[in-house]
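Subject: The structure we talked about

Hi,

Here is the structure I promised to send over. Have a look at it first, then read on for what turned up in it.

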Amino acid sequence: MRFEEICRENYARIYNYILAKTANRETAEDITQDVFLIAFQKGDLFLSHEKPVAFLYVTARNLVLEYYKRTKEAPAREAPLDESNIAVFGRDAFEELCLQKSGTVNEEYYRKQILQKLKPRERDLYRKYYIDKKTMKMIAEEFHMSETAVRMKYMRIRKKVQRIAAGLKLDEF
C-alpha cells in the first residue's frame, strides 16, 4: 500500500481518535499532522511495517501523551464522537469558521483578508484546491511534485490559514 492511500484512508480516523483524546480541534489537527509527518519521514520503514495503521495509532497515542506531559494539562475526558466532532476534509479553515458563526458573515471579505496574508505560492496553492476545486493529483502534476509533498504543503497552509482566521473578528463586519 502506498503512503498516499494510507493517508487518505486513515487521516480522518486518526484525527477523530486524537480529538476524542484531547477534546481540542486545534491540538488534534496539530498532532494528526505530526503523526503523518513522522510516518512520511519513516518512509519505507513505515510502508513495510506489518500493520501500518497500528503504527499510526501508536504514534498518535504517544504524541498525545507527550502533549500532556509537555503542557502539564490534565488529560481531557474523551469526547464522544458525535457529528460535531467529525473531521470535515475538503473545507478550509475559513469555511469551518463561517459555519460556526451566523450566516451574516461576509465570506468574500474575510477570504480576501486571509489570502492577502499568504505568500504568493501559498495563495496560488490555496486557490487551486479550495476555490478552483482541483484534486491533489492535478495540482501535484501541475507543480511537478509528488502528491504526498503537495498534501504536506496543504497541511502547513491550512494551519497558517487557521492562525490567520483565528485573529479575524468575524462578528465585527
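Before anything else, one term: two residues are in contact when they have heavy atoms within 4.5 Å of each other. Please also keep in mind that this is a predicted model.

With that term in hand, try Glu147. Which residues does Glu147 touch, once its neighbours within four places in sequence are set aside? They are Glu4, Arg8, Met136, Lys137 and Ala140. Glu147 itself sits in helix H9, which covers residues 147–167. Is Glu147 buried or exposed? Its relative accessibility is 18%, and the cut-off for buried is under 20%, so Glu147 counts as buried.

Now zoom out to the whole chain. You'll find 9 helices and 0 strands, so to speak a run of α-α-α-α-α-α-α-α-α when you read along the sequence. Of the 173 residues, 42% are buried. Take the contacts with a separation of 6 or more: 63% of them come from residues 24 or more positions apart. The accessible surface of the chain is about 10,500 Å², and carbon and sulfur atoms hold 52% of that.

Helix H4

Next, pick out H4, residues 52–71. This helix has 20 residues, and from its first C-alpha to its last it reaches 28 Å, close to the 28 Å expected at 1.5 Å a residue. Its buried residues are Pro52, Phe55, Leu56, Thr59, Ala60, Leu63, Val64, Tyr67 and Tyr68. When you look at the spacing of those numbers, this helps: an α-helix has 3.6 residues a turn, so residues three or four places apart point the same way. What do the buried residues of H4 pack against? Their partners are helix H1 (3–22), helix H2 (25–42) and helix H3 (44–47). Right after H4 comes Lys72, and its phi is positive, near 60°.

Aromatic rings

A search of the whole structure gives 7 aromatic pairs. One of them is Phe3 with Phe46, an edge-to-face pair with 6.0 Å from centre to centre and 75° between the planes. This pair links distant parts of the chain, since Phe3 belongs to helix H1 and Phe46 to helix H3, 43 residues apart. Phe3 has a relative accessible area of 9%, so it is buried. Phe46 is buried too, with a value of 1%.

Another edge-to-face pair is Tyr67 with Tyr68: here the centres are 5.2 Å apart and the planes make an angle of 65°. Tyr67 counts as buried because its relative accessibility is 11%, and Tyr68 counts as buried at 8%. You've met both of these already, among the buried residues of H4.

Phe3 and Phe46 also turn up in a cluster: together with Phe40 and Phe55 they form one aromatic cluster.

Salt bridges

Side chains of opposite charge can pair when their charged atoms come close. How many salt bridges are there here? The count comes to 9.

Start with Lys160 and Glu122, whose closest N and O atoms are 2.8 Å apart. This salt bridge joins distant parts of the chain: Lys160 is in helix H9 and Glu122 is in helix H7 (residues 120–131), 38 residues away. Both Lys160 and Glu122 are buried.

Then look at Lys128 and Glu142, which form a salt bridge at 2.8 Å, N to O. Again distant parts of the chain are linked, with Lys128 in helix H7 and Glu142 in helix H8 (residues 136–142), 14 residues apart. Lys128 counts as buried, because its relative accessibility is 10%. Glu142, at 38%, counts as partly exposed.

Glu142 has a further partner, Lys134, in a salt bridge of 3.1 Å from N to O. Lys134 has a relative accessible area of 24%, so it is partly exposed. Which residues end up in one network through shared salt-bridge partners? They are Asp124, Lys128, Lys134 and Glu142.

If you want a place to start clicking, try Glu142 and its bridges to Lys128 and Lys134.

Cheers

Definitions and conventions: Residues numbered from 1 in each chain as written. Predicted model: local features only at pLDDT ≥ 70, side-chain atom pairs only at ≥ 80, totals over all residues. Heavy atoms only, no water. Helix = DSSP H or I, 4+ residues; strand = E, 2+ residues; numbered from the N terminus. Expected span 1.5 Å × (residues − 1). Buried < 20%, exposed > 50% of the residue type's maximum accessible area, 1.4 Å probe, protein only. Areas by Shrake-Rupley, 256 points an atom, 1.4 Å probe, with all protein chains shown as cover. Salt bridge = Lys/Arg side-chain N within 4 Å of Asp/Glu carboxyl O. Phe/Tyr/Trp six-rings, centres within 6.5 Å; stacked < 30°, edge-to-face > 60°.
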